[in-house]
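The exercises that follow are meant to be worked through with the sequence and the structure open side by side. Try each task before reading its solution.

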Amino acid sequence: YKDVRGYILFRKPASIRMVGLYPVVRSKAFDMASVGAGFKLYIPSKNLFVTGPDEIIEPSANKFENMRPDHFLEALMVKPIDPASERVLFENMTDEDQAYYILLVVRQTGGQVRLARSVWFNRLNLRIERQLIFDNAGNILTDARYAGWAPWGDVQFPKHIDIDRPQDEYGVVLDVVKMDVNKGVTDDKFELEQPVGTTLRTIGQPSKDGR
């Protein structure tokens, strides 16, 4: 799926629904949902319904099945600093080509301190341009880049978001064409049930027919 138009619904703290539509015909390419405890993914072209945890234990050869709602959520909604569990280091990285303020977010677990995230601000306008999220070993989980910040009502949000997941071997580019803020989203918008007759695949378990 190289280019699809779609919809993203988000409700705090961790409910997200993503629907992708094929170009021209606008039929559904995929439907994915999470309320913070696992995910569900429906792929109509394969008559497949996938469920499982947000964490990827072993990447699939089908890169599309490696997508998780949580990956998009952490890139779209840059989390504020949690003073109870996180500390921040400040870096001023300026040379002849670029000028950034970088916040290095570190966490302490037991006796170990590790880098959890880095958030890059453009020094000229203080807009976020990049966010790196790391695993416990210091490897990059998410590399998200932001451009085209614009007002959507009273909220500033980037029009262009480039998300790279190197360990999961996929990347996605999001171009926002319309956004409504604080319109109210009901519980049923995040309910994704397995369609009758589709094949159910639970991550870590063999496939079986879902009726």
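## Exercise 1: Backbone geometry in the loops

Proline 13 has its place in the loop between strand E1 (5-11) and E2. The model is a predicted one, and the task is to find which kind of peptide bond joins lysine 12 and proline 13, and then to work out where asparagine 47 and glutamate 169 are placed.

Solution. Begin with the bond between lysine 12 and proline 13, where omega is about 5 degrees and the peptide bond is cis. Move next to asparagine 47, which sits in the loop between E4 and E5 and, although it is not a glycine, has a positive phi of about 50 degrees. Because its relative accessible area is 34%, asparagine 47 is partly exposed. Glutamate 169 is then found in the loop between E11 and E12, and its phi, near 65 degrees, is again a positive value in a residue other than glycine. With a relative accessibility of 48%, glutamate 169 counts as partly exposed.

## Exercise 2: The nonpolar core and helix H1

Determine how many residues the largest nonpolar core has and which of them have the most contacts inside it, and then decide how helix H1 is placed with respect to the rest of the structure.

Solution. The largest nonpolar core has 27 residues, and those with the most contacts inside it are Met32, Leu41, Phe72, Ile161 and Leu174. The elements that each supply at least two residues of this core include strand E2 (15-21), strand E3 (28-34), H1 and strand E10 (140-152). Taking methionine 32 as an example, and leaving aside neighbours within four places in sequence, its contacts include Ile16, Met18, Leu41, Met67, Phe72 and Leu192. For H1, the step of reasoning is a count: seven of its eight residues are buried, so the helix is largely enclosed by the rest of the structure. The buried residues of H1 are Pro69, His71, Phe72, Leu73, Glu74, Ala75 and Leu76.

## Exercise 3: The second largest pocket

Describe the second largest pocket by its volume, by the residues that line it, and by the classes to which those residues belong.

Solution. The volume of the second largest pocket is about 640 Å³. Its lining is made up of 26 residues, and Asp70, Glu74, Ile133, Phe134 and Leu141 lie nearest the centre of the pocket. Helix H1 (69-76), strand E8 (112-122) and strand E9 (128-134) are the elements that give two or more residues to this lining. Sorted by class, the lining has 13 charged, nine nonpolar and four polar residues.

## Exercise 4: Buried or exposed?

For valine 119, asparagine 122, glycine 52 and asparagine 182, decide whether each counts as buried or exposed, using under 20% relative accessible area for buried and over 50% for exposed.

Solution. Valine 119, in strand E8, has a relative accessible area of 5% and is therefore buried. Not counting neighbours within four places in sequence, valine 119 is in contact with residues including Val78, Tyr101, Leu103 and Ile128, and its C-alpha atom is separated by 5.2 Å from that of leucine 103, which is 16 residues apart from it along the chain. Asparagine 122 is also found in strand E8, and its relative accessibility of 13% means that it counts as buried; leaving aside neighbours within four places in sequence, it is in contact with Ala99, Tyr100, Arg127 and Glu129.

Glycine 52, in strand E5, is buried because its relative accessible area is 17%, and it touches Gly38, Phe39 and Ile203 when residues up to four places away in sequence are not counted. Asparagine 182 has its place in the loop between E12 and strand E13 (199-202), and at 76% relative accessibility it counts as exposed.

## Exercise 5: Confidence in the prediction

State the mean pLDDT of the protein, and find which of its elements have the lowest and the highest mean pLDDT.

Solution. The mean pLDDT of the protein is 87, and 91% of its residues reach 70 or more. Among the elements, E9 has the highest mean pLDDT, 97, whereas strand E14 (residues 208-209) has the lowest, 50. Where pLDDT is low, the predicted coordinates should not be read in detail.

Notes
Residues numbered from 1 in each chain as written. Predicted model: local features only at pLDDT ≥ 70, side-chain atom pairs only at ≥ 80, totals over all residues. Heavy atoms only, no water. 1 Å grid on protein atoms, 1.4 Å probe; cavity = no way out; pocket = protein on both sides within 12 Å on 5 of 7 lines; lining within 4 Å. Points joined across faces, edges and corners; volume = space filled by probe spheres on them. Helix = DSSP H or I, 4+ residues; strand = E, 2+ residues; numbered from the N terminus. Nonpolar A, V, L, I, M, F, W, Y, C, P; charged D, E, K, R; others polar. Core = buried A, V, L, I, M, F, W, Y, C linked by side-chain atoms within 4.5 Å. Buried < 20%, exposed > 50% of the residue type's maximum accessible area, 1.4 Å probe, protein only. Contact = heavy atoms within 4.5 Å. pLDDT = per-residue confidence, 0-100.
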